[in-house]
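Please look at the sequence and the 3D structure shown here. A short report on them comes after.

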Amino acid sequence: MNSHALAWTPSCVAQTHRHPKPPSKSATLQSPATISATATTLRTKKTHTMPQEKIEIFKSLENWASHSILPLLKPVEKSWQPQDMLPDSSLPSDEFIDQVRALQDRTAQLPDDYLVVLVGAMITEEALPTYQTWFNQLDGVEDETGVSTSSWAKWSRSWTAEENRHGDLLRTYLYLSGRVDMQMIEKTIHYLIAAGMDLRTENNPYMGFAYTSFQERATCTSHGKMARMAKESGDPVLARILGTIAADEKRHETAYMRIVEKLLEVDPSGAIIAIKDMMRNKFTMPAHMMKDGRDPHLYDHLGAVSQRLKVYSTTDYADIVDFLIGRWRLDKLEGLTSEGRSAQEFVCGLAHLIRRLDERADEQARKMELQRVKFSWIFDREVLLAKK
Ligand SMILES: [Fe+2]
Ligand SMILES: [Fe+2]
């Protein structure tokens with residue numbers, strides 16, 4: 001999961017699911033720095049917006065999912081585990097300590113701003129209980145018993161198991177590095193899981209799978225960039241770790257994109273309207289409720305550092321929207337209802353608007369030229385927010 005806030009915010013937030021307002025093309029663009037978790041908590045919630053009869057669509061796709069989605073999971077025996085890339089504590093203690101020392105030598109050169117975004121990514125991965133809870137709130141694909149044999153439930157449990165290794169690996173690596181304040185990081189994770197998240201997906205799996213397509217690609221992008229930066233900073237092992245995690249995210253992205261592709265095939269208007277609703281709401285990042293008990297703007301500050309390092313920026317956001325439009329051939333959809341057509345028009349014009357947001361974010365970053373912020377995760381050392 002990716003941590004950073006790059007958002008598309010609707011002009012109308014107080015809707016009910018019974019009488020939704022028509023889509024507005026005059027939605028407001030906000031920069032990462034202006035979006036706060038506080039605003040999120042004030043929104044009126046829309047729940048269970050997928051019509052009951054559409055639950056049948058997901059039931060009818062179970063067989064398809066077992067052939068087209070479940071094979072994208074890796075069998076446990078063929079899966080990597082965090083221990084493959086960590087010092088081996090079962091070795092004689094001097095050998096183990098040598099491996100830890102080598103790890104600390106490698107991580108000694110990682111810049112502070114890089115550490116901040118890496119910790120942000122790790123904390124986001126560590127909030128996995130929240131994501132599994134979210135998945136099980138999606139109507140028609142939830143794991144009703146905890147051991148359900150439906151394809152959707154099998155996917156969600158195994159996806160969780162795959163994701164679970166990401167936080168474990170990054171957390172242990174960072175712990176052994178000695179470069180970060182583990183207690184402040186653990187506090188942040190504690191706060192984050194306790195706070196939950198509000199993705200505004202309305203218990204609607206159409207919206208949910210559009211969201212996860214976006215999110216997995218965003219995470220793959222940011223982990224991939226952090227892998228390259230780790231290599232440049234002299235830590236090839238961390239580069240391998242991040243590259244390995246990014247490869248998992250890529251498989252997950254493929255699965256979720258395929259599901260949306262299928263929904264566009266069986267219910268094109270329903271699917272494009274859900275994609276529009278998702279994009280109009282904005283793609284709220286999963287860790288948007290993040291706090292450490294010290295910096296009231298922690299999440300925005302993290303987003304600003306990420307934007308400056310280009311680990312994940314508004315350009316990436318626009319690129320992903322463009323990519324999904326192309327991959328799902330949204331501009332070529334035919335046979336849509338009139339509501340479907342207006343959703344299509346909205347979605348296909350979105351990337352251009354987001355690129356304008358990128359220019360604004362860069363401009364804002366330039367204005368913040370001398371702003372430095374302390375991050376508790378790195379023992380209150382200061383990190384520059386603005387562009388170099
Ligand atoms: Fe992950
Ligand atoms: Fe993933």
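The report covers the metal sites, some buried residues, the nonpolar core and the salt bridges.

This is a predicted model, where local features need pLDDT of at least 70, side-chain atom pairs count only at pLDDT 80 or more, and totals for chains, interfaces and linings use all residues. Residues are numbered from 1 along each chain as its sequence is written, chains are lettered from A and ligands numbered from 1 in the order in which they are written, and side-chain values use heavy atoms, with hydrogens and water left out.

## The annotated site

Start with the record. An unreviewed UniProt entry carries the annotation "binding site" for Glu125, Glu163, His166 and Glu249. These residues span 125 residues in sequence, yet no two of their C-alpha atoms are more than 11.4 Å apart, so they gather at one spot. UniProt positions are given in the numbering used here, feature names are shortened, and annotations may be inferred rather than shown by experiment.

## Two iron ions

Now look at the metals. Donors are N, O and S atoms within 2.8 Å of the metal (3.2 Å for Na, K and Ca); water is not among the atoms, so sites may look incomplete.

The iron ion (ligand 1) has protein donors from Glu125 (OE, listed twice), Glu163 (OE), His166 (ND1) and Glu249 (OE), at 2.0 to 2.5 Å. Along the sequence, its donor residues follow the spacing E-x37-E-x2-H-x82-E.

The iron ion (ligand 2) has protein donors from Glu163 (OE), Glu216 (OE, listed twice), Glu249 (OE) and His252 (ND1), at 1.8 to 2.7 Å. Here the spacing of the donor residues is E-x52-E-x32-E-x2-H. Glu216 in helix α9 (residues 205–232) and Glu249 in helix α10 are 33 residues apart, so this pair links distant parts of the chain.

The two iron ions, ligand 1 and ligand 2, lie 4.0 Å apart, and Glu163 coordinates both.

## Helices and buried residues

Helices (H or I, at least four residues) and strands (E, at least two) are DSSP runs, numbered from the N terminus. Buried means under 20% relative accessible area, exposed over 50%, and partly exposed in between (1.4 Å probe, protein chains only).

His166 sits in helix α7 (residues 151–177). Its relative accessible area is 0%, so His166 is buried. Glu163 and His166 are 3 residues apart in helix α7, which means about one helical turn separates them. Glu163 is buried too.

What does His166 touch, leaving aside its neighbours within four places in sequence? His166 is in contact (heavy atoms within 4.5 Å) with Trp80, Glu125, Ile245, Asp248, Glu249 and His252.

Glu249 belongs to helix α10 (residues 236–266). Its relative accessibility is 0%, so Glu249 counts as buried. Glu216 is also buried.

## The nonpolar core

A nonpolar core is a set of buried Ala, Val, Leu, Ile, Met, Phe, Trp, Tyr and Cys residues joined through side-chain atoms within 4.5 Å. The largest one holds 114 residues, and Phe214 and Trp377 touch the most other members. Helix α10 gives the most to this core, with 12 residues.

## Salt bridges

Side chains of opposite charge can pair when their charged atoms come close. A salt bridge is a side-chain nitrogen of Lys or Arg within 4 Å of a carboxyl oxygen of Asp or Glu. By this rule the model has 25 salt bridges. Three of them are listed below.

| Pair | Closest N to O |
|---|---|
| Arg327 and Glu261 | 2.9 Å |
| Lys276 and Asp277 | 2.7 Å |
| Asp380 and Arg294 | 3.1 Å |

Arg327 lies in helix α13 (residues 314–327) and Glu261 in helix α10, so their pair ties together parts that are 66 residues apart in sequence. Arg327 is partly exposed at 29%, and Glu261 is partly exposed at 30%.

Are Lys276 and Asp277 buried or exposed? Both Lys276 and Asp277 are buried.

Asp380 and Arg294 link distant parts of the chain, 86 residues apart. Asp380 is in the loop between β3 (372–375) and β4 (381–384), and Arg294 is in the loop between α11 (268–281) and α12 (298–309). Asp380 is partly exposed at 33%, and Arg294 is partly exposed at 48%.

Salt bridges that share partners also join Glu162, Arg165, Asp248 and Arg251 into one network.
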